[in-house]
Amino acid sequence: MKWIFLLVLLLPLPAYGGNILLHYPRSVLYGEKFSISFQVFTNEIQGTDFQYITPGVIISSNESHLTLTGNPGDFAVFKTNVSSLTARELVISFSGDIPTLGGNPGPILYEGIDPHASDISQSNFYAVLVSMTGILWVHNYTGWHSVLGGLPSVKEGNYSAVFKDVNGYTCVPYVVVNGSKYVVDYLTDIPWNFSFAGFRVDINTVIFNDFNVISTENVPFVVFINGREAISGNTTFGEGEIHLTALGNMVVNITFPTLHEYRVIDVGVRSNEVKEVMPTIPLVLIAISAIIIGIGIWRNRGIGKQREK
């Protein structure tokens with residue numbers, strides 16, 4: 001029983017979820033052609049163990065969060081490699097609190113900056129900053145420029161800024177604040193080429209509960225229709241699309257082998273409904289694992305009681 005117990009623990013279960021976004025029609029008719037597109041993201045950076053924090057920033061931390069108190073132009077960043085050859089889209093997400101919101105803190109991308117000095121003490125660098133005071137800023141060789149206002153002003157919660165490559169320049173399509181999406185759709189004149197990604201602290205005390213940077217990823221995928229392999233390919237800059245014809249009820253399974261993840265879409269021609277479903281196999285495997293583990297614990301307790309006698 002111990003060997004079975006270990007086998008269950010070591011058995012890799014297929015994952016469901018992760019950073020995969022699907023787009024598909026809500027309904028299809030018999031004989032209709034339709035498409036399913038998807039985007040694959042990867043967590044390039046996760047956590048608050050920043051590689052570079054501007055000298056002079058006051059740092060305090062415990063098991064639940066990191067607190068940074070900065071001076072004008074201070075920041076905390078990770079080394080990254082963002083270009084048209086490596087990523088088409090980048091999401092910087094902050095979860096935490098800024099008790100007294102001032103200056104211009106927020107998710108930021110830098111290129112050509114010295115990470116050992118504040119950005120206000122430097123001039124020859126590029127940057128795109130989505131300030132949580134509600135302003136989109138860019139920095140070029142002539143200094144900082146406020147290019148758009150009216151964005152949400154946020155002091156606490158979950159805040160994500162999305163950056164995208166549009167013909168070699170940096171676009172900010174939208175931000176997400178506590179689950180709500182706000183359209184920005186601003187194309188800057190800053191080249192899509194960055195060496196650092198992180199958070200501009202500025203003059204604030206910023207409490208980080210979590211922080212991560214997600215980018216698109218190129219991975220292979222295999223599509224099974226009603227249990228049979230039908231299509232295979234690779235995503236391009238994390239994006240993929242398949243084209244199908246509804247000739248009856250279909251179960252479309254899109255598998256990403258290298259990620260050990262998959263998504264299942266039920267195409268109901270008779271019900272005229274298309275929906276993503278939770279596969280039953282992982283649930284069954286988890287249930288079986290729980291039963292076997294429970295039996296193992298029960299047997300061990302029984303053996304222990306017999307020995308006591």
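In this predicted model, a good place to start is Leu 90, whose bridge partner in β12 is Phe 163. That bridge belongs to the pairing of strand β7 (residues 89-97) with strand β12 (residues 156-166), which is antiparallel and runs over 9 bridges. β12 also pairs with strand β13 (residues 169-177), again in the antiparallel sense, through 6 bridges. Here Lys 164 has Cys 171 of β13 as its bridge partner. β12 and β13 make a hairpin with 2 residues between the strands, and in it Asn 167 takes a positive phi near 55 degrees.

Asn 158 is another resident of β12. With a relative accessibility of 43%, Asn 158 counts as partly exposed. Its C-alpha atom is 5.8 Å from that of Phe 94, although the two are 64 residues apart in sequence. Setting aside residues up to four places away in sequence, Asn 158 touches Phe 94 and Ser 95, and also Val 176, Val 177 and Asn 178.

Stepping back to the whole molecule, the protein chain has 22 strands and 2 helices. Of its 309 residues, 44% count as buried. Contacts across the sequence are plentiful: among those with a separation of 6 or more, 63% come from residues 24 or more positions apart. The accessible surface of the chain comes to about 16,100 Å², and carbon and sulfur atoms hold 54% of that area.

Part of the strand content goes into an open sheet of 7 strands, in the order β3-β6-β15-β8-β9-β10-β11, with antiparallel pairing. β3 and β11 (143-148) are the edge strands, each pairing on one side only. Further in, strand β8 (residues 106-111) and strand β15 (residues 194-200) run antiparallel and are joined by 5 bridges. One residue of this pairing is Tyr 110, with Phe 196 as its bridge partner in β15. The ring of Phe 196 has a charged companion too: the charged end of Lys 79 sits over it, 4.7 Å from its centre. A similar arrangement turns up at Tyr 174, where the charged end of Lys 181 sits over the ring at 4.2 Å from the centre.

Ile 135 is found in strand β10 (residues 135-140). With a relative accessible area of 24%, Ile 135 is partly exposed. Val 147 is 12 residues away along the chain, and the C-alpha atoms of the two are separated by 7.7 Å. Residues up to four places away in sequence aside, Ile 135 touches Asn 104, Leu 129, Val 130, Ser 146, Leu 148, Gly 149 and Leu 151.

Aromatic rings deserve a paragraph of their own. A search of the whole structure turns up 17 aromatic pairs. In one of them, the ring centres of Phe 50 and Phe 211 are 5.2 Å apart and the planes meet at 55 degrees, so the pair is tilted. Phe 50 sits in the loop between β2 (33-46) and β3 (52-53), whereas Phe 211 belongs to strand β16 (residues 205-216), so the pair ties together parts 161 residues apart in sequence. Both partners are buried: Phe 50 has a relative accessible area of 8%, and Phe 211 has 0%. Trp 192 and Phe 194 show another geometry, with centres 6.0 Å apart and planes at 90 degrees, so this pair is edge-to-face. Trp 192 and Phe 194 are buried as well. Ring pairs also build a cluster, linking Phe 50, Phe 78, Phe 94, Phe 199, Phe 208 and Phe 211.

Several of these names come back in the largest nonpolar core, which has 37 residues; Phe 94, Val 130, Tyr 159, Phe 163, Phe 199, Phe 208 and Phe 211 have the most contacts inside it. Strand β16 gives the most to this core, with 4 residues. Phe 208 gives a picture of the surroundings: beyond its neighbours within four places in sequence, Phe 208 is in contact with Thr 48, Phe 50, Ser 64, His 65, Leu 66, Leu 68, Phe 94, Ser 95 and Phe 199. Another core, of 22 residues, lies apart from the largest one, and its members include Ile 20, Val 28, Ile 225 and Ile 265.

Terms used
Residues numbered from 1 in each chain as written. Predicted model: local features only at pLDDT ≥ 70, side-chain atom pairs only at ≥ 80, totals over all residues. Heavy atoms only, no water. Pairing = 2+ DSSP bridges. Phe/Tyr/Trp six-rings, centres within 6.5 Å; stacked < 30°, edge-to-face > 60°. Buried < 20%, exposed > 50% of the residue type's maximum accessible area, 1.4 Å probe, protein only. Lys NZ or Arg CZ within 6 Å of the ring centre and 35° of its normal. Contact = heavy atoms within 4.5 Å. Areas by Shrake-Rupley, 256 points an atom, 1.4 Å probe, with all protein chains shown as cover. Core = buried A, V, L, I, M, F, W, Y, C linked by side-chain atoms within 4.5 Å.
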